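Here are some worked exercises for you to try with the sequence and the model side by side. Take each task on your own before reading its solution.

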Amino acid sequence: MNRREALKSLSALIATGAVAASARASEMQGYPSNLAVADEFLPRPAMDGGKMHVLTDETALKTVTAVFDRLIPADDLGPSASEAGCIVFLDSQLADRFGQGAQLYREGPKLPGADELTQAPQFIATPRERYETGLKALEAYAQQTDGAAFADLQPDRQDEILQGMEEGSISLADDINTKAFFELMLQNVREGYFSDPIYGGNKDMVGWKLIGFPGARYDYRLYADRVGQKLDLESISLIPLD
Amino acid sequence: MTTNSKADVIVVGLGWAGSLMAEELTRAGLNVVAIDRGPWIDTSTHTPPAVDPDELRWGIRKELFSPPKDNTLTFRNTLDQTAVPQRDFGIFELGGGVGGAGFHWAGMAWRFNPYDFEIRSKTIERYGIDRAEDGELQLQDWGITYDELEPFYDRWERIAGISGKAGNLNGEKIEGGNVLEGPRSRDYPTPPLKTLRSMEVFNEATERMGYHPFTIPVANISQAYVNPLGVSMGACSYCGFCLGFGCGNFSKSSPQACIFPALMRRSNFRLLTESCVTRVNKAPDGQTVTGVTYVDAHGKEHVQEGDIVCITAFQIDSTRLMLLSGIGQPYDPRDQSGVVGRNFSFQTVSGVDMWIEGEQMNPFIGAGGLGSQIDDFNADNFDHSDLDFLHGAGMLTLARDGMPISKANKLPQGSPRWGSGFKQAYKDHYQTYTTIFNQGSSMPIKHGYLDLDPNYKDKFGQPLLRLTYDYSQSDRNMAKFTMDRSIEIAKEMGAQHITPFNFADKPFTTSIIASDHVIGGTPMGADPRTSVVNPYLQSWDCHNLFICSASVFPMNSGYNPTETVGALAIRTAQAIHQQYIQNPGALVKV
Ligand SMILES: Cc1cc2nc3c(=O)[nH]c(=O)nc-3n(C[C@H](O)[C@H](O)[C@H](O)COP(=O)(O)OP(=O)(O)OC[C@H]3O[C@@H](n4cnc5c(N)ncnc54)[C@H](O)[C@@H]3O)c2cc1C
Ligand code: SF4
C-alpha cells in the first residue's frame, strides 16, 4: 500500500466507525509510550470515485459549477475552479464535519438584530443546508428573471447576477441572506483552489503555482538568509502523486 | 456519581498556567491531579511534520480549537441589549486539547511594561486624577510591581527557551534590543530569529524616523536548547504553519514541548483528560472549597476532592467557574458593586495593510511570532499630556506566514475579489504584501463585564457566560492615533498601496477577530472591594482557592498576555508551597 492508499483506507475506517469508538484513556499517569500518529489526526482526504455525495441534485450541481467557474474562470493564468477539482472539494467538504456544521453552536433562538450586533452574520443552518436552499433559490431567480437555467446564461449575465449578490442589490429569497451565501461560495471556491490537493481541489497545485506558494514544506532554514530574493521553489503537497 | 481519592492540589485546566503550577507543586512534593476537558494531544502523535502543514484543516477549519458548539458565550455591547451567542469561531480560539491555547498559539513572548502594573497610581502621578477617573475608565493597580514579578518572568523565559535580545539589562540600555522595556536581570536564553524581508524594510523606515525597532522576542526558538526541567527543544525551521497550528519540530514553546515530558513522569502527578469541571464545591461554612465536580467523556459526573484548588482554565472559563460556583459577589455595572466578572478588557487594534511593488517578501518563510516592533507609542513611553487617551500600542510588522487561502483577502483596494482579475491581482501582490499591526492596550471600563446569560445554555445545561463590552473613548482615540502613525511608517517603507484598518472605529464584536486576547473577570489587587483575588492570586473569599489566567489582569497592555500569565503562575505556585502549606490561611491580610 502506498502512502495515499494508507491514508485513504484509514480515513474510511474512521468514517465507518470501524476503529473502536474511543479507547482513549481518560486517566493518565506517566508519559504515553505509544507514539503512533493518532488516527483522528490523519487528514481526511476527498472521497474519490467520480460520484457526488452531497451535490447529488443535477441542477444544483450544474448551478454551483457555473458559479465556481465564474468566481475562478479558466484563462491564461490557469484552469477554472471545476477543472482544478473545486467541485469535488466542495462535495467532500459538505459531506464532512464542515458541511454538517459540526463545530457550530446551533441552539436557538436566533434573535432579530443578532447579525447587526455581531456585525458578521451567523447561522443555525448548516453549510450543507445553506447550499441546498441557496442553489435552489439562485436557480429559481434565473428562471424568473431570464427564463433559463443559471448554468445556461451567458458569462456576462452570470457575472451580473453574482455581482448583485455580492453587493446585496439582489435578494434571492426572503429567508436567504444572499450576500452571506455569495461569501460562503467565494470562500469555499478559494479554499478548493488553494488548499492541499489531498482535499480534491488545487489539482497539480495550480493555485499554489499561480502565486508561488511552495506548499507543504516544513523547513526554510536554507532559504531564510536569501532575504528579498526570488527563490522559485517548486511546490509540494502532503500527498505524492501516484 | 463517584468520588476519587483526595489530592493535595487540584489543577483545573492544563494549559500554560496549569502545567507551570503543577510542575512547581509536584517538584515540591505535593500530590497534584490536573483535570482538563480536552483530550491528550502531543507533538509526535498529533502534529508531526506530515500532518501539520495543512492550512485548510488547522488554519481555516480550526480543528485544533475547542469548537463553539462545546464552548462559547453570548455577547452584547450595552446593558439594554439582549446578548446573542457567538455561533461560529470568533475571538475565542480556545485550546481543544490539553496544553490549551498554548499548543496552537503564535508565540510572541512579552513582559508587560512597569507602567501597566501601577497604571492607576502612575497615571495620577503624571497626569492627575481627572485622567484616571474620566467617568468611564475603571483603572486599578495590580497589587504587584514589575520588579516583584521580574524573577518569575525570567524563570518562565528559561522554561520556554525564548529567543530574543535584551534591550534593558539591569537599567543599561542595549542597542538592538527593546530599549523601552522594563529592566531585566539577564538576557534571553536563546538569540533572536533571523531578520526577514518585511522586518528589514520596517526596521530601516522606523530607524530613519527616529524610532527604536527590535526583533520581537518569541517562543519559536532559534536553536537547540535544554530547559531547566531537562526538556530539550529543536530549532524553528521557519515553516510558517504556526499560528493556529501545532509545531512538528518541538520548537514552538508549549506545555507539551517544555513541561509535559518532565511533569508526566512524576509519580505524584495524575491527569484526567476529557473531563470538564462544572463547579468548584464550597465547604458548608463557605470559607474554603472542598474540591470540584466534573463530567467525564461518557457524561458521568464525578467529585474530586482536594486541599487546594487552582483554577487555570483560561480567562473566560476561569471567570465562568467562579460564577457557576457562587464564589465571590458578582459584579453589578450599575453601581460597580461586587467583583466577579469585572474589568473585562480586550486588545484595541488598528494598523495598515500595505503593498510595496517590486518586493519579494517570500511570506511563506516565517514563524508565528516573528516580526519587528517599535514600542515608541506603547505604555507610557511617550507624553500623553496633550493627548486624549492613555497607554498605546506595540506597533509591529509580521514575518509569520504566506498561507494562500487566507492571504487571498489581502489585496489592494479596488482589486477584483473574483474572476480573472482576481487571479491576476493575487499573482501580482502575493509577494508584495506586508502589514503593520498595532496591538493596542485596553483600559477597563465600568460597563465592561462578564456574568451568566439568562437565555442560552451549554451542552451540560449550564448557562453560557455573557459578555457586555464596547471600547472606551480613550481606547478609540488611541487606536486612531496609532493608526495614523502606522500610515506614516507605511509611506516611509515605500508602500504604493495602503489600506488602514481600525477595529475600534465600530462597536466591539466577538465575531470579527481583531485579537484573541480577552482579559479580566477575576481581577487581582490589594483591595477586596475591587478585586477577586489578592496579589498571590488567592481568592479573598475561600483561602484554599487560587485562580491563574488572564482573568486576573485588571487591564490589558499593548502586548500579548501569555508570559505574564506564566510568570504569575510560577509566583503563585511558589507562594503555595513556600508559605501557604505551612500556614493555611489568607496570604494577605486587610
Ligand atoms: C491563535 C492564538 C494565538 C495566540 N498567540 C499568542 C502570542 O503570540 N503570544 C501570547 O502571549 N499569547 C498568545 N495567545 C494567547 C495564549 O494562547 C493564551 O494566553 C494562553 O494559552 C493562556 O494560557 P492559560 O493556561 O491561561 O489557558 P489555556 O492555554 O487556554 O489553557 C486552559 C486549559 O483549561 C482547560 N479548561 C478550560 N475550562 C475547563 C473546565 N471547565 N474543565 C476542565 N478543563 C478546562 C482547557 O481545555 C485548556 O487546556 C494566542 C492565542 C490564540 C488563540
Ligand atoms: S514556524 Fe517554527 S515554531 Fe512555528 S510551527 Fe514552524 S517550526 Fe514550529
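The expected span of a helix is 1.5 Å times one less than its number of residues. Keep in mind throughout that this is a predicted model.

**Exercise 1. A helix of chain A**

Task: Compare the expected span of H2(A) with the distance between its end C-alpha atoms, then find what its buried residues pack against.

Solution:
- Step 1. H2(A) has 14 residues, so at 1.5 Å a residue it should span 20 Å. Its end C-alpha atoms are 20 Å apart, which agrees.
- Step 2. The buried residues of H2(A) include A:Thr63, A:Val64, A:Ala66 and A:Val67, and also A:Phe68, A:Asp69, A:Arg70 and A:Leu71.
- Step 3. These buried residues pack against helix H3 (86–95), helix H6 (127–146), helix H7 (155–167) and H8 of chain A.

**Exercise 2. Where the chains touch**

Task: Describe the side of chain A that touches chain B, by element and by class.

Solution:
- Step 1. The contact involves 64 residues of chain A and 68 residues of chain B.
- Step 2. On the chain A side, at least two residues each come from strand S1 (27–28), helix H2 (58–71), helix H5 (114–118), helix H8 (178–194) and helix H9 (206–211).
- Step 3. Sorted by class, that side of chain A holds 38 nonpolar, 12 polar and 14 charged residues.
- Step 4. S1(A) also pairs with strand S11 (residues 269–272) of chain B, antiparallel and through 2 bridges. In this pairing A:Glu27 lies opposite B:Leu272.

**Exercise 3. The fold of chain B**

Task: Judge how compact chain B is against the globule rule.

Solution:
- Step 1. Start with the elements: chain B has 14 helices and 24 strands.
- Step 2. The globule rule gives 25 Å for 590 residues, and the radius of gyration of chain B is 23 Å, close to that value; therefore chain B is as compact as a globular protein of that length.
- Step 3. The C-alpha trace of chain B spans about 70 × 55 × 50 Å along its principal axes, and 63% of its 590 residues count as buried.
- Step 4. Look at the contacts in chain B between residues at least 6 apart in sequence: 75% of them join residues at least 24 apart.

**Exercise 4. An open sheet**

Task: Find which strands stand at the edges of the sheet S5-S4-S21-S20 in chain B.

Solution:
- Step 1. The sheet is open and has 4 strands in that order, with mixed pairing.
- Step 2. Strand S5 (84–85) and strand S20 (449–457) of chain B each have a single partner strand, so these two are the edges, and one side of each has no neighbour in the sheet.
- Step 3. For S5(B), the pairing with strand S4 (residues 73–76) of chain B is antiparallel and covers 2 bridges. Here B:Phe75 stands opposite B:Val84.

**Exercise 5. Two ligand shells**

Task: List the residues that come nearest to each ligand and sort each shell by class.

Solution:
- Step 1. Ligand 1 has 41 residues around it, of which B:Gly13, B:Gly15, B:Gly100, B:Asn560 and B:Thr562 come nearest. Helix H1 (16–27), strand S12 (276–282), helix H11 (314–325) and helix H14 (562–580) of chain B each give two or more residues to this shell.
- Step 2. By class, the shell around ligand 1 has 20 nonpolar, 15 polar and 6 charged residues.
- Step 3. Ligand 2 has 15 residues around it, and B:Cys236, B:Cys239, B:Cys242, B:Cys247 and B:Lys252 come nearest. The shell around ligand 2 divides into 8 nonpolar, 6 polar and 1 charged.

**Exercise 6. Backbone details in loops**

Task: Place B:Gln336 and B:Asn362 in chain B, and decide whether each is buried or partly exposed.

Solution:
- Step 1. Most residues other than glycine have a negative phi, and most peptide bonds are trans.
- Step 2. B:Gln336 has a positive phi near 55° and lies in the loop between H11 and strand S15 (342–345) of chain B. B:Gln336 counts as partly exposed because it has 15 C-beta neighbours inside 10 Å.
- Step 3. B:Asn362 has a positive phi of about 45° and lies in the loop between strand S16 (348–355) and S17 of chain B. With 27 other C-beta atoms within 10 Å, B:Asn362 is buried.
- Step 4. In chain A, the peptide bond between A:Gly108 and A:Pro109 is cis, with omega about -5°. A:Pro109 sits in the loop between helix H4 (97–100) and H5 of chain A.

Notes. Residues are numbered from 1 along each chain as its sequence is written. Chains are lettered from A and ligands numbered from 1 in the order in which they are written. This is a predicted model: local features need pLDDT of at least 70, side-chain atom pairs count only at pLDDT 80 or more; totals for chains, interfaces and linings use all residues. A residue is near a molecule or strand if its C-beta atom, placed from the backbone, lies within 6 Å of it. Ala, Val, Leu, Ile, Met, Phe, Trp, Tyr, Cys and Pro count as nonpolar, Asp, Glu, Lys and Arg as charged, and the others, Gly among them, as polar. Two residues are in contact if their C-beta atoms, placed from the backbone, lie within 7 Å. Two strands pair if DSSP finds at least two bridges between them. A residue is buried if 20 or more other C-beta atoms lie within 10 Å of its own, exposed if 12 or fewer, and partly exposed in between; C-beta atoms are placed from the backbone. The radius of gyration is taken over C-alpha atoms; the globule rule is 2.2 Å times the number of residues to the power 0.38.
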